[in-house]
Amino acid sequence: MSSTGDDAAVGGLCAVHMPRTAHSVSDLPRMGRFPAVQPGQPAIERLAPTSELVGFRGPTACAAAGITYRQLDYWARTGLLEPSVRTAYPATSQRLYSFRDVLLLKIVKRLLDAGVSLQNIRVAVAHLQAAEQADLTGLTLMSDGATVYECTTAQQVVDLLKGGQGVFGIAVGAVWQELELTLGRLHAERTDTGETLVGSDPADELAQRRNRAV
């Protein structure tokens with residue numbers, strides 16, 4: 001049975017308050033794109049997985065974050081991480097997660113796997129939700145298994161390691177890029193019209209172009 005991570009421990013997020021270096025979201029490679037129209041219609045544009053017009057249903061969010069649907073449902077019901085696009089209420093609706101939501105789900109999973117308590121993870125999630133989205137790509141989360149530290153510079157990471165506080169780290173920017181590629185290959189939903197967006201694999205598209213050229 002998969003753990004939902006419902007453990008308790010004292011402590012909380014210890015953020016290292018240093019000036020943040022701005023990282024533009026547009027600087028990250030856009031490897032995955034969703035067609036803005038249904039298959040068979042002219043593809044005028046493609047939407048990046050990070051677009052506010054793109055949402056992901058529960059099963060897709062689970063697949064991308066590496067969690068079970070039981071964990072996803074439990075975290076939503078207990079308020080650890082609810083979908084920001086659409087909740088499951090009324091009962092006839094399906095949860096819809098934004099790219100940022102899925103990013104946090106993936107980070108929560110890694111913190112749980114590292115032994116961080118759910119109580120500390122709740123504090124970390126609240127902190128990350130309050131941060132500007134562009135700032136997330138420049139963060140590194142360090143933890144000793146009990147406390148989570150936020151680092152915005154390489155020197156802060158070194159200082160934590162020297163002090164013995166850092167046992168493992170999560171480079172949020174690297175997780176972002178990995179997730180963007182993964183979600184670009186999975187189906188999504190337009191948040192404004194509700195239409196299904198079919199994922200695309202860059203390797204498959206390249207192969208199709210080569211086949212047409214032969």
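Helices (H or I, at least four residues) and strands (E, at least two) are DSSP runs, numbered from the N terminus. This is a predicted model, where local features need pLDDT of at least 70, side-chain atom pairs count only at pLDDT 80 or more, and totals for chains, interfaces and linings use all residues. Residues are numbered from 1 along each chain as its sequence is written, and side-chain values use heavy atoms, with hydrogens and water left out.

**Whole chain**

Show the chain as a cartoon. It holds 8 helices and 10 strands. Colour by burial next: buried means under 20% relative accessible area, exposed over 50%, partly exposed in between (1.4 Å probe, protein chains only). Of the 214 residues, 44% are buried. Now turn to contacts, meaning heavy atoms within 4.5 Å. Among contacts in the chain with a separation of 6 or more, 66% join residues 24 or more positions apart.

**Helix 6**

Select A154. This residue lies in helix 6 (residues 154-163). Is A154 buried or exposed? A154 counts as exposed, because its relative accessibility is 60%. Add L139, which sits 15 residues away in sequence. The C-alpha to C-alpha distance between A154 and L139 is 9.8 Å.

**The cores**

Select the largest nonpolar core, 43 residues in total. A nonpolar core is a set of buried Ala, Val, Leu, Ile, Met, Phe, Trp, Tyr and Cys residues joined through side-chain atoms within 4.5 Å. Label W75, L80, V102, L103, L105, I107 and I121, the members with the most contacts inside this core. Two or more residues each come from strand 4 (54-57), helix 1 (58-65), helix 2 (69-77), helix 3 (99-113), helix 4 (118-130), strand 8 (168-171) and helix 7 (172-184). Which element gives the most? Helix 3 does, with 9 residues. Then pick out M142, Y149, C151 and L160: they belong to a second, separate core of 5 residues. As background, nonpolar side chains tend to be buried together in soluble globular proteins.

**L105**

Zoom in on L105, in helix 3. L105 is buried, with a relative accessible area of 0%. Leaving out residues up to four places away in sequence, L105 touches A61, A65, I67, L72, W75, L81 and Y97. Draw a distance from L105 to L80, 25 residues apart along the chain: their C-alpha atoms are separated by 9.7 Å.

**Helix 1**

Select helix 1. Its buried residues are G58, T60, A61, C62, A64 and A65. With 6 of its 8 residues buried, helix 1 is therefore largely enclosed by the rest of the structure. What do these buried residues pack against? Show strand 4, helix 2, strand 5 (96-97), helix 3 and helix 7. Step on to G66, which follows helix 1 and has a positive phi, near 75 degrees.

**Helix 3 against helix 4**

Finish with this pair. The axes of helix 3 and helix 4 come within 11 Å and cross at roughly 150 degrees. Axes are lines fitted to C-alpha atoms, for helices over the stretch in contact, and angles run from 0 to 180 degrees between N-to-C directions. That makes helix 3 roughly antiparallel to helix 4 (the class for angles over 145 degrees). Show R100, L104, I107, V108, L111 and L112 as sticks in helix 3. They meet I121, V125, L128, Q129 and A130 in helix 4.

Technical notes
Angles under 35 degrees count as roughly parallel, over 145 as roughly antiparallel, 65 to 115 as roughly perpendicular and the rest as oblique.
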